[in-house]
Amino acid sequence: MRIQFRAATVLLFSIFLFSSIKSDAKNKKDRTGSIYFSWGYNTEWYTKSTVTIKQPGLGNDYEMVHVNAHDHRGWDEGLFHKAFTIPQYNYRLGYYFNKKQDLGIEINFDHTKYLIADGQQVHLKGTLANKSVDEQIFFAQSNGFYYFLNNGANFLLFNLVKRVPVYNAKTCKLKVDLTGKAGIGPVIPHVQNDLFGQINAQQFQLGGWNTGAETAVRITVMKYAYFEFSQKVDYARYSHLLVYDGRAKQNFGTYELILSLGFIIPTTKHNPSFTPAGNPTENIK
């Protein structure tokens, strides 16, 4: 499902980009554009979250209040000895569409992992087996509990992008830019949990929505390749998550750091960002 979903988003975005280019063909003198793609890895910090569990057939309707969770980076555990999609990764696919090449649209995907911390005391309140409960439980795999979005909490955003040039060498072979991004989109979590020894049927699912904002420093070398260091904040609301004989919901905030490697190519001739005569900070008004 994950591969199919990514392929579909890339296909739809590509159709949109090329249809936009085609529709602007009558104004060739003013037409400019560039497309970019990056791949990188990330680390996250999560706010505390209350997880609501509803299992009507079991007589359960309870909350796990203000649980602590952490990420699972993976890239610090032998990155080059495993598939490159196993660690927490991210990709960006975007298009700058205006003459100054400082406004764009972007598909923004983060494969982030969310694990409720093992071995913590969790406040449980509500109804369990049709009886009221308000107590502390020891939340640990050894005690019949785990809760993972470990194959991804998976944030997908459709962003608007603003680029602010900082430095552009006359040869265009070295550039420094700041970028700001903001957007909204779905979350596609992979839900895996064990609650009171009852294990769910784990799978990917559409599980709610998220919104986020990102700032980045991008250093472009030899016109087409770049490194990018980003920080991002995201707020996600998850609903209808699969648990044994029921559903769960929760929401949490995320602070994320990202390091990426990418490339950018012009989609039209005489793009001011790729020609020595076209320094967008000086020649375009």
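## Exercises on a buried histidine and a pocket

In this predicted model, a polar contact of 2.9 Å joins the side chains of H111 and N154.

**Exercise 1.** Determine where H111 lies relative to the strands, and decide whether H111 is buried or exposed.

*Solution.* Begin with the chain path: H111 sits in the loop that runs between β6 (103–110) and β7 (114–116). Next, take the relative accessible area, which for H111 is 0%. Since a residue counts as buried under 20%, H111 is therefore buried. Finally, return to the partner: the side chain of this loop residue makes its 2.9 Å polar contact with the side chain of N154.

**Exercise 2.** Describe the largest pocket by its volume, its lining residues and the strands that supply them.

*Solution.* The space in the largest pocket comes to about 180 Å³. Its lining consists of W39, Y41, N42, T43, W75, L79, L257, L259 and L261. Sorting these residues by class gives seven nonpolar and two polar, with no charged residue in the lining. Turning to the strands, β1 (34–46) and β18 (246–266) each contribute at least two lining residues, and β1 provides the largest share, namely four.

**Exercise 3.** Characterise the chain as a whole by its secondary structure, burial, contacts and surface.

*Solution.* Start with the elements, which are one helix and 18 strands. Of the 285 residues, 49% count as buried. Then consider contacts between residues at least 6 apart in sequence, of which 70% join residues at least 24 apart. Lastly, the chain exposes about 14,000 Å², with carbon and sulfur atoms supplying 62% of that area.

Notes: Residues numbered from 1 in each chain as written. Predicted model: local features only at pLDDT ≥ 70, side-chain atom pairs only at ≥ 80, totals over all residues. Heavy atoms only, no water. Buried < 20%, exposed > 50% of the residue type's maximum accessible area, 1.4 Å probe, protein only. Contact = heavy atoms within 4.5 Å. Areas by Shrake-Rupley, 256 points an atom, 1.4 Å probe, with all protein chains shown as cover. 1 Å grid on protein atoms, 1.4 Å probe; cavity = no way out; pocket = protein on both sides within 12 Å on 5 of 7 lines; lining within 4 Å. Points joined across faces, edges and corners; volume = space filled by probe spheres on them. Nonpolar A, V, L, I, M, F, W, Y, C, P; charged D, E, K, R; others polar. Polar contact = N/O pair within 3.5 Å; in protein donor to acceptor, adjacent residues only side chain to side chain.
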